[in-house]
Structure formats: structure tokens, C-alpha cells
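Visitor: Could you take me in for a close look at one part of this model, beginning with the rings? Cut-offs along the way would help, please.

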Amino acid sequence: MTTSPTLLESTAPAPAGMPRSVDPRSTRLPGLDGLRAIAVAAVILYHLGSGILPGGFIGVDVFFVISGFLITGLLMREKDSQARIRLAGFWVRRARRLLPALGLVVVVSATLALVIGGNPLVHLGRQVLGAATFSSNWLSIAAAQIYFDETSPELFRNLWSLAVEEQFYLVWPVVILLVLALRSRRARLLVVVAIGAASATAMILLASTGDLSRVYYGSDTHSFGLAIGATLAILHRDWPSSTGPTARRALPPVAVVSILGILAIALALPAGAAFTYRGGLLLVALLTALAIAGAVVSRVGAALDWPPLRWIGARSYGLYLWHWPVWVLVTAALPSLSSSGSGWMLGVIALVLTVGAAAASYRFIEQPIHRTGFRAVVAGWLGSGPRTAPRIIGIVSSAALIAALVGTTGVAIAADPGTTDAQAVIEKGSKSVAPARPRPSPTAATPPALPGGDQIDAIGDSVMLASAPELQAGFPGIQIDAVVSRQLSSAPAIVQGMRDSGTLRPVLLIGLGTNGPIDRQSLDQIRSIVGPRHEIVVVNVQAPRGWTDEVNVTLTRFAQQYRSVELANWRDAISSRLDLLARDQIHPGAAGGVIYVRAVTDALQRLAELPPSRSPNDFGLAGVPL
């Protein structure tokens, strides 16, 4: 998440005779507030919008590019004007801008988590340590936390990106000093481009290992956006003298197309797609750089300076800091809204609270301290007049409030229950799942009317994992392969491996779709791998997420098309007993697991009661699916 450096907040006019939008030395660059508003809106809609913007997480990468561009430009301007970069002064300014709002979010959110109790307290100590030491991303990697994991919505998970930027602020001024020591402008560009290329390459290579948490959180693998922004700042140093008429004409439409491209990616790019880490996020960074390049030299910047966008962009730091803790706290405090199917109301409530908190933080904390510094603000609070009784009471009350918030944060850390209720049921299920072992190939013998567990392979996500003890009790010998945060797109490769090893059983149970949208192609691919003689049961989804209705429609249509495929209607089976789920309204406990097994049993019974197929391909004489 980026911030609003001094470069962006000044409103000094451009030199006389120079169009404001193309002035390379302007203390405020047009359009950047609008781009930041688009970025923070994308992230907020991704988290609060119940699937409205499945790729909205790319807003963070937009921020990275903007931040790299602004900070590098700021450092080079200081070097040009003062012949040096005062590192201590730079770091103090960054601290003024970042730490007050961050500290407020941490102590207020932790105190509210203590009041609410339960899930928001889980792993709070590690998260507060990460916030205090600018290491949230690396601590999350060490703890094997997954950014996209819905089972453990940590209170300060969003601080990972702030940690990446804070580490950038600590290291980058020194790097820029070394880069600027090079006499050749081309050499400077090559060094910064090489840094960005190394980071992007590391992400692409490490993504192939499957450890997406390491890839997404890593400062080394996720810094290419910052480097791309820095490269643009070096190029921008010589604008407009180095920008010819052709480039000036081309950049505005390029900027518009780039912004539209970013929005299209936010609408379509799923977090679990391989392309996300093998070029998708890099593409977002490059499009952002083109959008910035066009905005600062054309009327595109003026359009992005539309007052509502500027208002949001100026407060984007606070909006980003507050939105996720507020969402976690509201969800934990109002579980009845999720259970009633009104999850969208949680998003609206969280959004209103977020905007209010961010606006207040900007007005009373961020701006005063950023303009005048910590000491001046404290002195202003204390005042210089006579120490009257009301002033003394106000000062003592403020100090007591701060001390109380810090103290309750410590109590909240000590109250950590260790695991969320969803994690507890998942871990119970995980312990019951036997390790995978070779299985004999199915024989030609006719299976019984209702297949036994030794004839069933089950592939699923954390919902199936939570139901694993009940599945094993209901179907002794069932082979379960369930993993937290798994998506349907990974299932075809798993099924293909089972078929290649000769261990594929006659019945395949698929319980996927909780963690994101699904595509029909994956389902058809699975059926093509197993063949029409194998039976498939697909379990539909219960979750307060925006994509679940579409997922369930796709699963239903798939089951209706083929006689060898049946739907286990888990959603309808559990809909009247959501009290048997964890507070996330997704993961079943033991009693909910029994209902899960009942839904699967009913589906298997319907398959067993079908008359014999007239065709090995499950089609009638007219080619109509049976």
C-alpha cells in the first residue's frame, strides 16, 4: 500500500508558461490521486464485495508502481536541488506519514478484538510484532499463512503490503544513491530494470513450486512493481524535453487503454490462476506504468483528478489500513448477518465504518503530524496557555486513553485462543485422514447398489476436510484428498495422476468451489479423464460469498447433463441448520459433517437407482444426454 509523499501533497503551481500537466518539476503530478483511488477501491471491493471484483487484489500492485515512481522521483529531486540525499530526514518523513495512522489502527482494532473475542484474536501477537517491525510479510511466510485463505481471516493480514513498502523505504534511498553515482543515464536505467526483472523472474520461477504464499508475500518476489515505478521516475526526470510529438500523441490513448486493461484484469483474474503469478501481476505493473506516463503529460491526468477520486486517493492509505480489520471485526461481531444470507450488509457496514475511520484519521492524525511533526502536534495538544482545570483534565484523559489502548492491546495478545473455530474443525478432520497409499485398480465386478468407501475417491477443500471424520465413518475405506484453499482448477491434474497410477476408484466425489468461481471446462476435463463408466458426485457450496450462486448453478447443470454424474445438495441440506457451522458460515462441525455425509449418501443412492445405461457414452440414440 502506498502513501501520499510530500511530492504529491504540495499544490505549488507550475512555472510560468509551462502547461501544468506536462511540467517535469511540478510538485504535484496530475492523475495519481485518481489512480490510487481506483487501486484502493479495487482492493476494498475484493475484500468486502462478496465476489464482485474477483481480481481486485491487483490494486496492491498498482500501489507498488505508484509508490516506486513517487519515492524515486522525490529522492532524485532532493539530489538535484541539494546535491545530496539526507537519509535520516527521508526516513523521519516516512515515519511521520506511516506510523501514526498505523499505530492507531493496531491499538484500536486489537482493543475491539478483545471486546468481541474469538477469531479476531488468533495469532494477534505475531501480527502486532510484524506491524511494529515492518516484517508482516516475512512473519506470514514463516507461519505458512495464505493471503487468500478464508479459514483464518487474521486481523492485520493486509499489513503485508505495507511491510514490503516499508522495507523498500529503508533500502531504496541507499540504492538510489549508488544508481545516481553512475554517470550514464542508460546505465542507471539498466540497473533498476535489472532489479525489477530479477524480482519478476523470481516470482515466475518460484510459482512453479506451488508455494504461492512465499511468492505473493515475498519482498524479493513481489518488488518488481516498485522497480518498474522507479524506472519510470528516472525516465520522467527528463520530460518533456525527451518526449517527442509522436510520444505525446500516443501516451494519452495508451494511458486510457492501460487503465481499462487494469479494470478488466480486476474483473477477470482469479487469485488461484497460474497466470496470476506467471506474468499476470507483472502485466498489471506494466499497465500501471503506462497509465502514469500518459496521465502526467496529458488531459488524462485532469480527468483522473475528478474531485471524488482525488478525495478517495488522498485518503487511500487510511482506507487501506482500516478496511480489512473493520471487515474482520464486523464479521465476527455480527455472525447472524452471514447466517441469514445478508452477507452483503456486512460489506456495507464495514465500508461505512472504514470511510469514517479513514477520514477522521486523515483529518486529525495523519495530516497534522505529516505537516508539522510529532513534537509540534503534541505541543499543540498541550497548548501554551495557562494550565486550567479543563485543559489538565483533557491532557490527562488523552494520556489515559492512549495508555489504556496500549494496555488492552497487550491483553488481547495474551487472550489469543490459538486457532479459529473453523481451523479447529478442519484440523480435527485433517487428523482423521489417512495418508495416501497405493490402491488396487477397480475390478470388473459389478459394484453393490450403494458403493462402499473402498470404491470412492474424494477430492475437496477445507469443507470436505472438516467433514472427513464423518465421511470416513459413513464410508469406511474412502480415500480423501482435501486441502485448505484448494480450487477446482487443480482437480484435473490430481485425477489424471490417479488414473495414470492405476489407483482411480469407480466413484469420484468432488467437493470444490468454496474458494472462488469455477469453470465448466475443468468439470468436463475431469469427466473426460475418468471416462463415462466412472460415476461422479459433485458437492455444491454453502458460503457467504458472492460467487457461490454461480458455482452452484454450474455444478447443477453439469450433473443434469450426464447420467453418471449426480449432485450432492449440501447447500440445501445445511441451509436450515447453519448453527452447525463455524462462525464463518462455511465449515461444519461434527453434527454438520453428518448432514454433509447424508447429502453425499442421497446422491449416491440416486445414482444406484438409475436403470442400466443404454450406451457406454451415456447418450441416447438421438445423441441427447441421459
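Guide: Let's start with a cluster: ring pairs join Tyr46, Phe57, Phe64, Trp160, Tyr216, Tyr217 and Tyr277. Before going further, a word on ground rules. This is a predicted model, in which local features need pLDDT of at least 70 and side-chain atom pairs count only at pLDDT 80 or more, while totals for chains, interfaces and linings use all residues. Residues are numbered from 1 along each chain as its sequence is written, and side-chain values use heavy atoms, with hydrogens and water left out.

Back to the rings. A pair of aromatic rings is described by the distance of the centres and the angle of the planes. Here, rings of Phe, Tyr and Trp (its six-membered ring) pair if their centres lie within 6.5 Å; planes under 30 degrees apart count as stacked, over 60 as edge-to-face and the rest as tilted. By that rule the structure holds 11 aromatic pairs. One of them joins phenylalanine 168 to tyrosine 169: the centres are 6.0 Å apart and the planes make 55°, a tilted arrangement. In the cluster, tyrosine 216 and tyrosine 217 have ring centres 6.4 Å apart and planes at 65°, so they count as edge-to-face.

How covered are these rings? Phenylalanine 168 and tyrosine 169 are both buried, where buried means under 20% relative accessible area, exposed over 50%, and partly exposed in between (1.4 Å probe, protein chains only). Tyrosine 216 and tyrosine 217 are buried too.

Tyrosine 169 also has a charge for company: arginine 94 lies over the face of its ring, 5.4 Å from the centre. The test for that is NZ of Lys or CZ of Arg within 6 Å of the ring centre and within 35 degrees of the ring normal. Elsewhere, arginine 527 puts its charged end over the ring of tyrosine 562, 3.8 Å from the centre.

That brings us to charges meeting charges. A salt bridge here is a side-chain nitrogen of Lys or Arg within 4 Å of a carboxyl oxygen of Asp or Glu, and the structure holds 11 of them. Aspartate 33 pairs up with arginine 36, their closest N and O atoms being 2.2 Å apart. Both sit in helix α2 (residues 32-48), 3 residues apart, which is about one turn of the helix; helices (H or I, at least four residues) and strands (E, at least two) are DSSP runs, numbered from the N terminus. Aspartate 33 and arginine 36 are both buried, and a network of salt bridges links them with Arg310.

Arginine 214 and aspartate 220 make another salt bridge, at 2.6 Å from N to O. Arginine 214 has 19% relative accessibility, so it counts as buried, whereas aspartate 220, at 37%, is partly exposed. Then there's arginine 606, whose salt bridge with glutamate 566 has its closest N and O atoms 3.3 Å apart. This one ties distant parts of the chain together: arginine 606 belongs to helix α27 (residues 590-608) and glutamate 566 to strand β5 (residues 565-568), 40 residues apart. Arginine 606 is partly exposed, with 35% relative accessible area, and glutamate 566 is buried at 18%.

Now an arginine without such a partner. Arginine 505 lies in the loop between α23 (491-500) and β3 (507-511). It is buried but has no salt bridge; the nearest side chain of opposite charge is aspartate 457, 4.0 Å away. For that tally, Lys and Arg count as positive and Asp and Glu as negative; His and the chain ends are not counted. A polar atom of the arginine 505 side chain does lie 3.1 Å from the backbone oxygen of isoleucine 456.

Isoleucine 456 takes us into strand β1 (residues 456-460), which has 5 of its 5 residues buried. In a regular strand the side chains alternate between the two faces of the sheet. For β1, Ile456, Ala458 and Gly460 are on one side and Asp457 and Ile459 on the other, and all are buried. Its neighbours are strands too: β1 pairs with β3 in the parallel sense over 5 bridges, pairing meaning that DSSP finds at least two bridges between the strands. In β3, valine 507 stands opposite isoleucine 456. β1 also runs parallel with strand β2 (residues 479-482) over 4 bridges, and there glycine 460 has alanine 482 as its bridge partner.

Methods
A polar contact is a pair of N or O atoms within 3.5 Å; within protein, one must be able to donate a hydrogen and the other to accept it, and residues adjacent in sequence count only if both atoms are side-chain atoms.
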